[in-house]
Structures are given as structure tokens and as C-alpha cells.
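Open the model in your viewer and keep the selection box ready. Each stop below tells you what to pick next and what is there.

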Amino acid sequence: MPAVAPSRYAYLGPEGTFTEAALRTVPDAADAQLLPYRSVSAALDAVRRGEANAALVPLENSVGGGVAPTIDELSTGELLHISREVLLNVGFALAVRPGTSRSSLKRVAAHPQAEAQCRRWIADNLSDVEIVTSASNAEAAASVASPASSFDGAITSALAAQRYGLEVVDDDIHDHAGAVTRFVLVGPPTTPAAPTGTDKTSLVAFIGEDHPGALLEILTEFAVRGINLTWIESRPTGVGLGRYCFSIDCEGHIVDARVSEALMGLRRICSDVRFLGSYPRADGLPATMRRGTSDTEFRDAAAWLARVRSGEA
């Protein structure tokens with residue numbers, strides 16, 4: 001019998017990113033081939049082309065908010081589904097080429113999310129230093145390590161600093177202690193796994209025509225069914241000014257009656273609804289369940305309506 005090929009996971013590279021660290025917490029990643037890509041788009045396109053079975057990409061941060069390239073790719077790119085989320089505590093380090101002092105720093109590379117999470121620290125400690133955008137935290141470290149580099153240092157992870165031979169001059173830089181980044185494992189569209197009781201559903205709702213109360217109409221579909229939203233963020237669709245879509249995470253699984261009815265309601269009032277997956281919550285918290293929103297109560301209500309329609313009640 002031929003050997004089973006190992007799974008191939010794409011991720012935002014190069015080696016040493018927080019995304020790689022998060023990916024290594026996925027249960028079968030230890031036996032998988034991990035493939036670094038330079039950008040979120042490239043990692044997701046690798047899945048679309050069949051080069052990888054799935055990709056792990058950052059989606060949101062507790063300080064910097066949503067990661068725009070990931071949100072846009074999942075909202076408007078060729079359809080992919082989320083099957084898992086990973087939460088990772090994120091801390092940054094100031095790393096330099098060996099022998100470089102902090103006082104001599106002139107150009108420092110940093111990923112935009114890293115800069116956002118350390119903005120106050122940078123203002124207090126690197127006010128005269130030019131901060132240059134890098135595609136990832138690991139690339140920031142790699143660019144400093146390059147012999148032809150014009151950078152003196154990087155705001156990066158301790159892992160990346162070690163991997164690229166840099167010296168850490170400060171290993172705990174941040175504006176907010178306990179920052180967490182949420183990553184999602186994304187693969188080809190598929191039937192969601194069975195509900196676990198601690199699930200989350202992700203979707204994108206597109207408003208067809210801007211009008212007073214448009215967002216309220218979307219929120220009402222969840223509110224009247226007792227569904228708690230864990231995240232909502234608006235992004236422009238790219239088709240003219242004032243045209244937005246909303247990336248939404250809600251508690252529950254698509255097989256839950258309250259969630260499926262909410263999605264049907266959205267489909268009636270929105271120009272489009274993109275389902276991105278139902279999957280277990282990384283924090284394991286059960287969904288908030290209000291009276292009248294359980295599957296049993298939905299079935300009882302449907303049975304009562306059937307009796308009314310048939311003249312039995």
C-alpha cells in the first residue's frame with residue numbers, strides 16, 4: 001500500500017513568524033509539511049491552486065483589530081472555508097545586528113500590526129528612528145540579518161530574532177500587556193464538521209443599497225434569535241464609495257436552527273451572504289442561550305404552526 005502523503009500547510013512566512021508558531025499548535029502540524037509564503041494572499045492562493053491542503057493566516061488582533069488583507073481575501077477572493085481558529089499570545093522584541101547599540105539605530109523594520117501594537121513604546125523609545133513597513137515580523141528580522149541590509153534593527157518576535165542571528169536588546173515591548181492574535185485555518189469549501197456545542201460561525205454580509213437602518217437590519221436578524229456576535233468589522237467592497245460588506249462572527253453552528261434562520265434572513269435582505277464556516281471556538285466557551293432559541297423550541301414552534309395551518313390548533 002502506498003504511503004499517505006503528509007498534509008501541506010501554507011502560512012504567512014518567512015520562517016519565524018507568529019503565524020508559524022501558531023500553526024505548530026495545530027494537532028497534525030508536527031507531521032505536516034509547512035510551506036512559508038510571503039503574503040496572506042500568496043498563502044491562500046496556494047490553497048486555491050492545490051499546492052497546500054490549508055493555510056493558517058492572521059485574522060484579528062486584540063489591539064490592532066482586523067487584519068485587512070485576510071478579511072478582504074476571505075470576503076471577495078475565490079471562496080475558502082475556515083475549519084479551525086488558533087489564539088496566540090503575542091509579544092515583541094527589539095532586535096539588532098550583533099554589536100549594534102540602541103542609540104545608533106536609524107532605520108527599523110516592522111510589520112504594520114507590530115507597529116500598531118507598539119506605537120506608544122516606539123514614540124517613547126525610538127522617536128528619532130525611521131520605522132519601515134515589512135511584510136511580516138520574520139521578514140523584518142531577515143531584512144536586518146541580510147549583509148546588504150539598510151536596516152539597523154527590527155521589531156519582531158524573539159523566535160525570529162534567534163532564527164536570523166540577531167541580538168535582542170529589549171524582549172518585552174508593547175503598549176498593551178496580554179495581546180492576543182487570532183489565526184484561522186482555511187481550506188477548500190467543504191461541509192462543516194459536526195457541531196461541538198462550543199462553535200462559532202463566520203460569514204460576510206453585503207449590503208446591496210445603502211439606506212438608513214441597513215446595518216440595524218443585519219444586526220436584528222441575529223438579535224431577535226438571541227445570537228451573540230463575537231466580532232463584526234466593515235470593509236469597503238472596492239466597488240465605489242459607500243459600498244461596504246460586514247465580516248461577522250457569531251456564536252453557534254450553521255446546523256443550529258437559530259443560526260440557519262438568521263442566515264436565511266440575511267440572504268433575503270442582503271445582496272449577498274458568503275458563508276465562511278462553522279468551527280469550534282478556540283477558547284471552548286459555550287454559546288449564550290436565551291429562552292426560546294434552542295433547537296427544541298424552534299421545533300416545537302414549527303410543529304405548532306403546522307397544527308395551526310392544518311386547523312388542528
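**Stop 1: threonine 19**

Start by selecting threonine 19, which is buried, with a relative accessible area of 3%. Keep in mind that this is a predicted model. Threonine 19 sits in helix H1, residues 18–23. Which residues does threonine 19 touch, leaving aside those up to four places away in sequence? Show Tyr11, Leu12, Leu56, Val57, Pro58 and Phe183: these are its contacts. Now add valine 186. Threonine 19 and valine 186 lie 167 residues apart in sequence, yet their C-alpha atoms are 13 Å apart in space.

**Stop 2: helices H2 and H3**

Select residues 40–48 for H2 and residues 68–76 for H3. Their axes come within 9 Å and cross at roughly 30°. Angles under 35 degrees count as roughly parallel, and H2 and H3 are therefore roughly parallel to each other. Their crossing is right-handed. For the interface, show side chains. From H2, pick Val40, Ser41, Leu44 and Arg48. They meet Pro69, Thr70, Glu73 and Leu74 in H3.

**Stop 3: the five-stranded sheet**

Move on to the open sheet of 5 strands, in the order E8-E7-E9-E6-E10. Its pairing is mixed. Which strands stand at the edges? They are E8 and E10, the latter spanning 167–173. Each has a single partner strand, so one side of each is left without a neighbour in the sheet. From one strand to the next, the twist averages 25°.

Zoom in on E7, residues 107–110. Strand E7 runs parallel to E8, residues 130–133, and 4 bridges join them. Pick alanine 109 to see one of these pairings: its bridge partner in E8 is valine 132. Then turn to E9, residues 153–156. Strand E9 also runs parallel to E7, with 3 bridges between them. Here valine 108 stands opposite glycine 153 of E9.

Now add helix H6, residues 137–145. Helix H6 lies across E6 (92–96), E7 and E9. Against E9, H6 runs at about 165°.

**Stop 4: the four-stranded sheet**

Next, select the open sheet of 4 strands, ordered E13-E14-E12-E15. The pairing here is antiparallel. At the edges are E13 (229–236) and E15 (272–280), each paired on one side only. Neighbouring strands are turned by 15° against each other on average, direction ignored.

Look along E13 and E14. Strand E14 covers residues 244–251, and 7 bridges join it to E13 in antiparallel fashion. Select glutamate 233 and find its bridge partner in E14, serine 247.

Which helix packs on this sheet? Show H8, residues 214–223. Helix H8 touches E12 (199–206), E13 and E14, and its direction makes about 15° with that of E14.

**Stop 5: helices H8 and H9**

Keep H8 on screen and add H9, residues 257–269. The two pack at an angle of about 160°, with their axes 9 Å apart. The cut-off for roughly antiparallel is over 145 degrees, which makes H8 roughly antiparallel to H9. Helix H8 passes H9 in a right-handed crossing. For the contact surface, show Glu217, Ile218, Glu221 and Phe222 in H8. Opposite them, Ala262, Gly265, Leu266 and Ile269 in H9 complete the meeting.

**Stop 6: the cysteines**

Finish with the sulfur atoms. How many disulfides are there? The count comes to 0. Select cysteine 250: the nearest cysteine sulfur belongs to cysteine 270 and is 13 Å away. A disulfide would need the sulfurs within 2.5 Å. Cysteine 250 counts as buried, at 0% relative accessibility. Now select cysteine 270. The nearest cysteine sulfur to it is that of cysteine 245, 11 Å away, and cysteine 270 is in no disulfide. Is cysteine 270 buried or exposed? With a relative accessible area of 8%, cysteine 270 is buried, because the cut-off for buried is under 20%.

Technical notes
Residues numbered from 1 in each chain as written. Predicted model: local features only at pLDDT ≥ 70, side-chain atom pairs only at ≥ 80, totals over all residues. Heavy atoms only, no water. Pairing = 2+ DSSP bridges. Axes fitted to C-alpha atoms, helices over the stretch in contact; angles between N-to-C directions. Contact = heavy atoms within 4.5 Å. Buried < 20%, exposed > 50% of the residue type's maximum accessible area, 1.4 Å probe, protein only. Parallel < 35°, antiparallel > 145°, perpendicular 65-115°, else oblique. Left-handed = near helix turned anticlockwise from the far one by under 90°.
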